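I keep this notebook to record what I looked up in one structure, entry by entry. The sequence and the structure come first, then my notes.

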Amino acid sequence: MFKGVKGQFNGMLWKVLITISIGTILMILICIVLGLFIKKDQVVINRKKIDPVEEPEITEKFLTPNKYSRPQLELGKIKGIVVHYTANPGSTAEGNRNYFESLKDKKATYASSHFVIGLDGEIIQCVPLTEIAYCSNHRNEDTISIECCHPDKSGKFEDATYESLVELVAWLCGEYNLDKNRIIRHYDVTGKICPKYFVDHEDKWEEFKKDVFTYIDEHPLYGKGSDEEKE
């Protein structure tokens with residue numbers, strides 16, 4: 001009789017211990033999951049907000065919708081800005097924009113860019129920022145592309161072109177909260193020597209990115225700590 005009671009007691013004890021163990025494991029798992037969510041939220045909260053700057057002067061000359069240069073495919077969450085050079089020395093922003101436009105008739109290739117910056121610093125927008133452009137290969141889906149004109153084969157930009165590029169990229173970084181690492185070259189996507197001068201001179205590329213954020217620091221749209229900035 002006592003053995004039977006003892007056996008029942010041991011069985012109940014094991015059931016209690018197993019129940020406690022399962023409950024403990026579940027509590028540990030819940031704590032781990034909650035910890036991950038809290039950590040994720042902290043990362044989002046702690047992410048530095050890039051100060052907005054004033055939009056540079058941009059001339060909108062959108063391409064005619066067509067499958068070769070403006071397919072009107074939706075651009076997803078913007079994760080970067082890709083800088084290019086036209087590889088056509090002496091060409092103009094208008095000329096490059098018109099080349100993209102001509103593809104609807106020529107049907108020779110797929111090509112376009114969101115922006116083209118000319119030799120005198122003029123900025124022409126070819127594709128809305130809600131649509132993809134055919135410029136950066138597999139990064140078309142999540143980046144904004146900028147083509148820059150240049151006077152000679154070195155690919156070095158005129159001062160006016162460079163200044164407009166700095167201002168345009170600074171504005172885009174503020175609009176989409178993109179840090180310095182989100183500014184890339186076509187070269188960084190595919191290995192293509194584009195933009196040539198910034199591939200040949202890595203130090204100048206790093207200097208360019210510093211110039212972008214120096215511009216942001218010196219030209220905030222709102223004063224530091226203002227109510228507008230906090231919103």
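**Entry 1: contacts and overall layout**

I looked up how far apart in sequence the contacting residues are. Among contacts in the protein chain between residues at least 6 apart in sequence, 75% join residues at least 24 apart. I note here that this is a predicted model. I then went through the secondary structure and found seven helices and six strands in the protein chain. Along the sequence their order reads α-β-β-α-β-β-β-α-β-α-α-α-α. The chain has 231 residues, and 40% of them are buried.

**Entry 2: the nonpolar cores**

I asked which residues touch the most other members of the largest nonpolar core. They are Phe115, Ile146, Leu165 and Phe208, in a core of 36 residues. Next I looked up which elements supply at least two residues each to this core, and I list them here:

- strand 2 (80-85), strand 3 (115-117) and strand 5 (143-148);
- helix 3 (159-176), helix 5 (196-200) and helix 6 (202-218).

Helix 3 gives the most to this core, namely eight residues. Apart from this core lies another one of 12 residues, and Leu63, Leu103, Val116 and Ala133 are among them. My textbook remark for this page is that nonpolar side chains tend to be buried together in soluble globular proteins.

I picked Phe115 for a closer look. Leaving out residues up to four places away in sequence, I find that Phe115 touches Ile58, Ile123, Ile124, Gln125, Leu129, Ile144, Ser145, Ile146, Glu147, Leu168, Trp171 and Leu172.

**Entry 3: cysteines**

How many disulfides does a search of the whole structure find? The search finds zero. I checked two cysteines one by one. For Cys126, the nearest cysteine sulfur belongs to Cys135 and is 9.6 Å away, and Cys126 is in no disulfide. A disulfide needs two cysteine sulfur atoms within 2.5 Å, so the distance of 9.6 Å rules out this pair. Cys126 has a relative accessible area of 0%, so I wrote it down as buried.

Cys194 is also in no disulfide, and its nearest cysteine sulfur is that of Cys135, 7.3 Å away. The relative accessibility of Cys194 is 2%, and therefore Cys194 counts as buried.

I then turned to Cys148, which lies in strand 5. Is Cys148 buried or exposed? Cys148 is buried, because its relative accessible area is 0%. Not counting residues up to four places away in sequence, Cys148 touches Val83, His84, Tyr85, Thr86, Ile117, Phe157, Thr161 and Leu165. I also noted a pair: Cys148 and Asn96 are 52 residues apart in sequence, while their C-alpha atoms are 9.6 Å apart in space.

**Entry 4: two residues of helix 3**

I looked up Ser164, which lies in helix 3. Its relative accessibility is 12%, so Ser164 counts as buried; the cut-off for buried is under 20%. With neighbours within four places in sequence left aside, Ser164 is in contact with Ile117, Gly121 and Ile123.

Glu175 has its place in helix 3 too. I found a relative accessibility of 46% for Glu175, so Glu175 counts as partly exposed. Glu175 and Ile50 are 125 residues apart in sequence, yet they are 8.3 Å apart in space, C-alpha to C-alpha.

**Entry 5: pockets**

I looked for empty space next. Rolling a probe the size of a water molecule over the atoms shows where empty space is left.

The largest pocket has a volume of about 350 Å³. Of the 20 residues that line the largest pocket, Thr86, Phe100, Ala111, Glu147 and Lys192 are the closest to its centre. Strand 2 and helix 2 (93-106) are the elements that give two or more residues to this lining. The largest share comes from helix 2, with four residues.

The second largest pocket has a volume of about 190 Å³. I find that its lining includes Lys156, Glu158, Asp159, Tyr162, Phe198 and Asp211. Helix 3, helix 5 and helix 6 are the elements that give two or more residues to this lining.

I set the two linings side by side in a table.

| Pocket | Nonpolar | Polar | Charged |
|---|---|---|---|
| Largest | eight | 10 | two |
| Second largest | four | no residues | seven |

Note on methods:
Residues are numbered from 1 along each chain as its sequence is written. This is a predicted model: local features need pLDDT of at least 70, side-chain atom pairs count only at pLDDT 80 or more; totals for chains, interfaces and linings use all residues. Side-chain values use heavy atoms; hydrogens and water are left out. A nonpolar core is a set of buried Ala, Val, Leu, Ile, Met, Phe, Trp, Tyr and Cys residues joined through side-chain atoms within 4.5 Å. Buried means under 20% relative accessible area, exposed over 50%, partly exposed in between (1.4 Å probe, protein chains only). Contact means heavy atoms within 4.5 Å. On a 1 Å grid over the protein atoms alone, a cavity is a set of points where a 1.4 Å probe fits but cannot get out, and a pocket is an open set with protein on both sides within 12 Å along at least five of seven lines; lining residues have an atom within 4 Å of a point. Grid points are joined across faces, edges and corners, and a volume is the space filled by probe spheres set on the points. Ala, Val, Leu, Ile, Met, Phe, Trp, Tyr, Cys and Pro count as nonpolar, Asp, Glu, Lys and Arg as charged, and the others, Gly among them, as polar.
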